[in-house]
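Hi everyone, thanks for coming along. Please have a look at the sequence and the model while I talk, and stop me whenever something is unclear.

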Amino acid sequence: MRSIHFDVRSSPVRQDHPASWSSSSSSSSVTQLPSHSTTSHQEKGIMAETLRLAVAQCPTLSTTELTLQALEKTTKTAADKGVDLILFPEAYLGGYPRGATFGASIGTRTAEGRDQFVRYFKGCPDLGDIPEGGGDRWVDRQLELPTERESGEGGKGWRRGDGTREELERIAKGTGVFVVTGLVERCAGTLYCAVVYVCPRRGIIGKRRKVMPTATERLIWGQGQPSSLRAVTTTIRGVKLTLASAICWENYMPLLRQSLYSQNVNLYLTPTADARDTWVSLLRTIAIEGRCVVLSSNQCVRECDALDWTVAKENNEEAVQTNGHADGHPITKSRRKSTVTVDGHEIVLPWAKNEVIQEVEEKRDTGKFACRGGSCIVSPLGDVLVGPLWDDDDGLLTFDVDFDDCLRGRLDLDVGGSYSRNDSFKFTVDGLNLSPPP
């Protein structure tokens with residue numbers, strides 16, 4: 001796991017974190033921009049409210065089980081570096097189906113495309129939620145339980161979903177790191193692109209679903225509930241966080257951004273699949289507009305590591321597909337076991353378990369990238385603190401952030417409060433409480 005860490009605030013060594021303080025450097029090029037000096041603040045009697053934040057841009061593996069193992073490994077690495085909170089990319093669990101067509105065009109769908117969707121659907125995690133979104137009832141485990149007892153670990157049994165929720169909670173608790181990850185959640189007969197907030201002490205404290213999937217994502221992902229845009233709060237080492245997420249191109253929705261600003265968010269999370277250069281300019285706008293810290297995490301995926309079922313062939317030759325949210329690089333990959341229909345659609349047969357294990361153990365190819373990453377961290381005044389990180393599919397960026405910078409920025413701009421002119425401009429979202437959470 002390669003990592004890049006910048007500690008420009010010279011924060012003291014923490015004795016209360018379960019992991020030791022350490023850092024390593026990488027040859028990747030990163031620009032460090034100016035920031036406030038913690039020492040000068042302390043001299044003025046201001047104690048910095050500093051947390052170490054991280055963004056990971058590792059790719060989805062072939063199964064949810066393997067991806068959870070990779071998530072745990074990355075989180076443990078982050079814990080060893082003293083990280084308090086880590087963000088993983090959009091659709092990290094379940095996978096982002098880059099390049100997949102699902103056999104659909106206007107007015108027609110193919111049988112092969114339907115089979116492709118079945119494989120995608122079955123590979124996504126089941127968190128035990130309901131189509132309309134259980135909200136707090138799901139978070140508090142108050143939804144109806146299955147009628148048949150499951151043989152859960154330790155004889156606990158009686159749970160909703162496939163155990164992914166419990167596994168994420170175990171990882172956060174075991175590492176002491178607050179985990180935020182994107183995933184594709186299967187619920188009844190629909191997939192939802194979602195984000196979960198996993199506290200080491202309290203378990204999952206919130207989940208939201210993407211309210212507006214982008215372009216052809218709307219074929220395979222349902223629209224989530226606006227009520228799930230509710231921010232969540234936590235306190236880490238005495239620093240109170242109000243955090244919320246906007247997924248990928250939801251960030252191009254000005255009113256959605258305002259719904260988060262209105263809740264007094266100081267940590268704004270943007271898991272994404274967009275690797276365009278223009279993405280960073282949007283993040284800087286969000287940070288300076290909302291006077292909040294912005295984390296962005298995107299998968300960095302090599303063509304050889306693209307999920308097998310997303311890639312098609314034509315006449316048994318490698319086909320070239322454009323890259324959706326990324327920058328148009330072709331995607332090519334050889335197959336192990338597959339059959340190709342006369343119209344160019346590939347059906348990939350299931351792999352044996354030992355083949356899946358071998359996939360992880362094999363040395364990574366050094367081929368071209370299907371998605372180049374671009375993860376970064378931005379300050380409340382719009383400065384890019386670290387990143388964007390390109391072409392590193394094992395990258396982990398960390399940075400020590402003083403959350404008092406959010407208040408410093410609000411000296412002259414608070415778009416959720418004094419600058420909103422809420423006496424004249426009225427803004428509501430059906431089902432969503434816009435008041436800052438306690």
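Let's begin with Trp 279, which is buried, with a relative accessible area of 2%. Before I go on, please keep in mind that this is a predicted model. What does Trp 279 pair with, and in which geometry? Its partner is Tyr 252, and the two form an edge-to-face aromatic pair, with 6.3 Å from centre to centre and 70° between the planes. If those two numbers look odd to you, here is the idea: a pair of aromatic rings is described by the distance of the centres and the angle of the planes.

Now, where do the two partners sit? Tyr 252 is in the loop between β10 (239–245) and α7 (254–261), while Trp 279 belongs to helix α8 (residues 278–290), so the pair ties together parts that are 27 residues apart in sequence. Is Tyr 252 buried or exposed? It falls in between: at 37% relative accessibility, Tyr 252 counts as partly exposed, because the limits are under 20% for buried and over 50% for exposed.

Let's stay with rings for a moment. A search of the whole structure finds eight aromatic pairs. One of them joins Phe 88 and Tyr 92, and this pair is stacked, at 5.3 Å centre to centre and 10° between the planes. Both Phe 88 and Tyr 92 are buried. There is also a cluster, in which ring pairs link Phe 102, Phe 117, Tyr 120 and Phe 121.

Next, helix α7. Its buried residues are Leu 256, Arg 257, Ser 259, Leu 260 and Tyr 261. What covers them? The cover includes β10, β11 (267–272) and α8.

Let's step back to the whole chain. The protein has ten helices and 20 strands. Out of its 438 residues, 55% count as buried. If we take contacts between residues at least 6 apart in sequence, 73% of them join residues at least 24 apart. The accessible surface comes to about 19,700 Å², and 50% of that belongs to carbon and sulfur atoms.

Now for the empty spaces. Rolling a probe the size of a water molecule over the atoms shows where empty space is left. How many cavities of 30 Å³ or more are there? The count comes to two. The largest has a volume of about 170 Å³. It is lined by 17 residues, and the closest to its centre are Tyr 96, Arg 98, Gln 299, Val 301 and Leu 307. The lining of this largest cavity divides into nine nonpolar, five polar and three charged residues.

The second largest cavity has a volume of about 40 Å³. Among the residues lining it are Tyr 261, Gly 290, Arg 410 and Asp 414. You have already met Tyr 261, as one of the buried residues of α7.

I'll finish with some backbone details. The peptide bond from Gly 387 to Pro 388 is cis, with omega near -5°, and Pro 388 lies in strand β19 (residues 384–390). Arg 141 has a phi near 60°, a positive value in a residue other than glycine, and its place is the loop between α4 (136–139) and α5 (164–175). Ala 188 has a positive phi too, near 55°. You can find Ala 188 in the loop between β6 (178–187) and β7 (190–199). At 63% relative accessibility, Ala 188 counts as exposed.

Thanks for listening!

Notes:
Residues numbered from 1 in each chain as written. Predicted model: local features only at pLDDT ≥ 70, side-chain atom pairs only at ≥ 80, totals over all residues. Heavy atoms only, no water. 1 Å grid on protein atoms, 1.4 Å probe; cavity = no way out; pocket = protein on both sides within 12 Å on 5 of 7 lines; lining within 4 Å. Points joined across faces, edges and corners; volume = space filled by probe spheres on them. Nonpolar A, V, L, I, M, F, W, Y, C, P; charged D, E, K, R; others polar. Helix = DSSP H or I, 4+ residues; strand = E, 2+ residues; numbered from the N terminus. Buried < 20%, exposed > 50% of the residue type's maximum accessible area, 1.4 Å probe, protein only. Contact = heavy atoms within 4.5 Å. Areas by Shrake-Rupley, 256 points an atom, 1.4 Å probe, with all protein chains shown as cover. Phe/Tyr/Trp six-rings, centres within 6.5 Å; stacked < 30°, edge-to-face > 60°.
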